[in-house]
Structure formats: structure tokens, C-alpha cells
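Visitor: Hey, can you walk me through this one? I'd like to start with how the chains meet.
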Amino acid sequence: MDWQGQKLAEHLMQLLLVCFAVVAFITGYMLGSFQMMMLIYAAGVVLTSLLTVPNWPFFNRQALKWLDPSEAEKHPKPQPAISGPKKKTAKK
Amino acid sequence: MHSFGQRANVLLTFAITLLALMCAIASVSDNFNSLSPHAHVQVVNINWFQKKSSGDDEVSLSLNISANLESLFTWNTKQVFVFLAAEYGTPKNALNQISLWDGIIPSREHAKFWIHAYNKYRFIDQGSNLRGKEFNLTLHWHVMPKTGKMFADKIVMSGYRLPQAYR
């Protein structure tokens, strides 16, 4: 997933779980059925996991920007210092 | 949220935390239950009343126990444990409590009941103090929840007396 996708996944997960918890509790309380609350919540957890855990394409809409290879060559990695008599040599 | 395992972990942890919260609120909701239990016990017969060889008194009773404990049940109730205790004082013990009968009520439908029973557990005194003894019969109950806090209470019924002589 790209960064925006991860953010979306996290927000979606939290929102869905909280909504299902609230709906499950209210339904269970109104119906007077503890089992109903547990069933609705379990269904909600399964649905949320199907929606937010796998790496769906819509989580990858804004692709990460990697540097161009030619751009990278213009900024060479620093060479380690060569130990020995110091001479004035130009380093490339 | 960078990998499958991480997302699965976050989801499960958050889901279980919310579940714990729901169960806590369900337990708190039990406090708003308005209770109106009723109970009546009648001692139908003193079957026998003897002094045992150990010197302790023992009595066997036939009881009619009727109760309506429907209002104790909430959506968060697993079962109600109910027991009947005889209470009296002696010179040796300020308070004696002896469990005579108990039962489990699994659901609201079974909470209004009438039973005719012998005392399930033996009514034996520590000593020989039961002749002519006045005692209370107290119906205790424990409302056992599906999650959370258990509530216990009782109804005290007084005015029972054992006979003056052994039979």
C-alpha cells in the first residue's frame, strides 16, 4: 500500500469497527438479546477485515515517487577516506 | 499499516478493545433494572425432630416455596442462583445460617415457580437449641451476568417456629 492508502485503511478500519460496535450494542439492548449484539459485531469485524486488511488496488492509487536513476547518479555516494601519504589529488 | 500482518494485528486488537468496552457498558446497564421480586415460604410439615447421638438437634421439614423472580432477569443475565436459608440465634452463636434448599433458574420463563420440597440439605444445629426455636427463612439470590458484575440480594421472611418437643 502507498502512504495515502495506509492512512485510508487505518481510518476506514477504525470508523467501521466503531460503527458496528455502536449498532451492535444498540440493537442488542433494544431486542434484549446479548447474542444478537455478538453476532452483529462478529459480522462487522469480518467485513472490516475483508475490506481493510488485504492489499486492494484502491489503496494504491497514489503511487510512491521514487527518484529517477539519472538523478541519483548526479549525487554520488561519498567515497571512504583513503589512508596513506596525503597528496593533492583531485577526487572524481 | 505497512504490511498485511500489521493491519491484521491492529484490526484484531482494536476489535477486542471495543468488545471489552461493549461488555463493560452492558454490565453498567444492569444497574438501571428496577427490581420487584416476590417470595413466600410455607412450612407444610415437620417430618421429624430428633436429638442425634452426637447431641445435636436435627429437624426435617416439608416446604412450599413460591417465588416470582422474573424482574431480576435482564438481557445480560446468564442465570439466577437462588437458595433458602434458615436463620436463628443461640447462646453459642449469635447468628446461625443453614442452607436448606437451592436451585438454578436458567431463564426468565422459569423464574415464576412453586415447588413442594423436603429440605435438600440437613437442618442440624450446633448443639441442642432448636426446641421451640423461632427462626427466619431467608430467600437469597445471586443474579449471575453474562459479562460483568454479579448482584446479590435477599428477602427475609420471619415468624416460623419449631415445636417445643421432639417428634
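Guide: Sure. One term to begin with: buried area is the accessible area, taken with a 1.4 Å probe, that two parts lose on being put together, summed over both. Also keep in mind that this is a predicted model.

Visitor: OK, so how much area do chain A and chain B bury between them?
Guide: About 2000 Å², and 84% of that is on carbon and sulfur atoms.

Visitor: Which elements of chain A give two or more residues to the side that touches chain B?
Guide: Those are helix 1 (3–31) and helix 2 (34–52) of chain A. Helix 1 of chain A gives the largest share, twelve residues.

Visitor: And what's that side like by class?
Guide: On chain A, the side touching chain B has 16 nonpolar residues, nine polar ones and one charged.

Visitor: How many residues are in contact on each chain?
Guide: 26 residues of chain A are in contact with 20 residues of chain B.

Visitor: How many salt bridges are there between chain A and chain B?
Guide: Zero. For polar contacts, two residue pairs turn up across the interface of chain A and chain B, both at pLDDT 80 or more.

Visitor: New topic. Which residues of chain A does UniProt mark as "transmembrane region"?
Guide: The unreviewed UniProt entry puts that annotation on residues 12–32 and 38–59 of chain A.

Visitor: What does the model show for residues 12–32?
Guide: In chain A that span is 95% helix and 0% strand, with its end C-alpha atoms 29 Å apart.

Visitor: And residues 38–59?
Guide: That part of chain A is 68% helix and 0% strand, and its end C-alpha atoms lie 30 Å apart.

How values were computed:
Residues are numbered from 1 along each chain as its sequence is written. Chains are lettered from A and ligands numbered from 1 in the order in which they are written. This is a predicted model: local features need pLDDT of at least 70, side-chain atom pairs count only at pLDDT 80 or more; totals for chains, interfaces and linings use all residues. Side-chain values use heavy atoms; hydrogens and water are left out. Contact means heavy atoms within 4.5 Å. A salt bridge is a side-chain nitrogen of Lys or Arg within 4 Å of a carboxyl oxygen of Asp or Glu. A polar contact is a pair of N or O atoms within 3.5 Å; within protein, one must be able to donate a hydrogen and the other to accept it, and residues adjacent in sequence count only if both atoms are side-chain atoms. Helices (H or I, at least four residues) and strands (E, at least two) are DSSP runs, numbered from the N terminus. Ala, Val, Leu, Ile, Met, Phe, Trp, Tyr, Cys and Pro count as nonpolar, Asp, Glu, Lys and Arg as charged, and the others, Gly among them, as polar. UniProt positions are given in the numbering used here, feature names are shortened, and annotations may be inferred rather than shown by experiment.
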